[in-house]
Amino acid sequence: MMPNITGHTELVGLMAYPIRHTQSPTTHNLAYDKNGDDVIQLAFEVDNDSLKDAVQSIRALKMLGSNISMPNKTVVYKYLDEVDEAAKLCGAINTVVNMRDENGQVTGKLKGYNTDGMGYWQGLKEEGIDFKGMKMVLIGTGGAATAIAVRGALDGIAEIEIFNIKDKFYSRGEEIVDLINKNTNCKATMNDLADHDLLKEKMHAADLFCDATGVGMHPLEDLSNIPDPSFFKKDLIVTDTVYAPRETVMMKQAKEAGCERVYNGMSMMLFQALIAIKLYTGKDTPVDYMKEKLGI
């Protein structure tokens with residue numbers, strides 16, 4: 001049930017492109033309704049070209065803030081007043097909060113956070129997975145991948161092998177690896193995704209695998225970064241950050257290989273949202289209620 005919209009209803013945005021596949025407003029609005037908040041989230045098609053104006057609208061319209069998704073996570077910091085330490089470290093922001101004064105009124109001062117990494121690892125904890133000391137293979141160097149890598153390194157992952165295609169983001173991956181090796185106890189390495197022999201070797205040696213790219217999501221829903229099921233070993237924990245579709249080609253490959261613990265991006269999406277919601281409203285949302293409503 002959607003909340004009643006009144007003259008007092010406050011707005012939270014979601015700024016991304018493409019955006020129409022998103023589950024985020026469903027999640028946020030269920031939570032605001034459950035928590036008794038007169039708040040609504042709406043999705044806006046915003047790319048890098050319109051991002052500056054869109055962020056200014058958070059101030060102008062006295063919005064509570066906005067979620068930020070691809071392709072804006074790594075550039076939105078330019079238009080903010082302050083950035084949280086963890087978000088600064090991973091160079092990506094997915095939550096912009098319009099800070100409040102002592103009377104609870106929004107001030108127009110915007111602060112950026114990253115709840116993606118926290119959401120991903122919280123989702124694994126909820127599945128009873130103790131990831132401390134694990135070896136991980138991670139595909140991608142974008143906003144979500146960076147957040148997952150940095151948070152995992154800070155929280156006890158022993159080794160991270162990052163793979164990416166040799167595109168303009170590859171050097172970003174090298175920077176992340178350098179950052180992790182200098183600032184945490186985790187050992188990180190950057191690799192070329194085109195080196196399939198190395199990818200297979202590292203996947204067979206890993207405890208945890210994550211594809212944090214948009215491959216598997218519209219318009220790439222028929223594709224996988226993994227050539228075939230032989231890359232997966234049965235006891236590998238397999239995760240995808242994509243949640244639409246609920247089962248990607250990569251997830252099907254993993255199941256075909258006999259992997260039993262295969263997860264889509266729904267729990268990451270849920271927990272990053274619940275952490276963001278708390279930043280906007282100060283309230284915790286019942287997790288079991290949300291899982292039941294969202295069919296997670």
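Begin by selecting Leu138 and Ile162, because DSSP makes Ile162, in strand S8, the bridge partner of Leu138, and two strands count as paired if DSSP finds at least two bridges between them. Strand S8 covers residues 159-164, and S7 and S8 pair in the parallel sense over five bridges. From S7 the chain crosses through helix H5 (residues 143-154) to S8, and this β-α-β crossover is right-handed, a term that applies if, with the strands pointing away from the viewer, the path from the first strand over the helix to the second runs clockwise. Helices (H or I, at least four residues) and strands (E, at least two) are DSSP runs, numbered from the N terminus.

This is a predicted model, in which local features need pLDDT of at least 70 and side-chain atom pairs count only at pLDDT 80 or more, while totals for chains, interfaces and linings use all residues. Residues are numbered from 1 along each chain as its sequence is written, and side-chain values use heavy atoms, with hydrogens and water left out.

Next, select all of S7, residues 135-139, where four of the five residues are buried (under 20% relative accessible area, with exposed over 50% and partly exposed in between, for a 1.4 Å probe and protein chains only). S7 also pairs in the parallel sense with strand S10 (residues 208-211), over four bridges, and there Leu208 is the bridge partner of Met136.

Now widen the view to the open sheet of six strands, whose order is S9-S8-S7-S10-S11-S12, with parallel pairing. Its edge strands, each pairing on one side only, are S9 (187-192) and S12 (262-263). S8 and S9 run parallel and are joined by six bridges, with Thr189 in S9 as the bridge partner of Glu161.

Finally, turn to the helices and select H9 (residues 266-281) with H10, which pack at an angle of about 135 degrees with their axes 11 Å apart; axes are lines fitted to C-alpha atoms, for helices over the stretch in contact, and angles run from 0 to 180 degrees between N-to-C directions. H9 and H10 are therefore oblique to each other, since angles under 35 degrees count as roughly parallel, over 145 as roughly antiparallel, 65 to 115 as roughly perpendicular and the rest as oblique.

Helix H1 (residues 24-34) and H10 (residues 287-294) also pack at an angle of about 135 degrees, with their axes 11 Å apart. To see where they meet (heavy atoms within 4.5 Å), select Thr26, Thr27, Leu30, Ala31 and Lys34 in H1 and Tyr289, Met290, Lys293 and Leu294 in H10.
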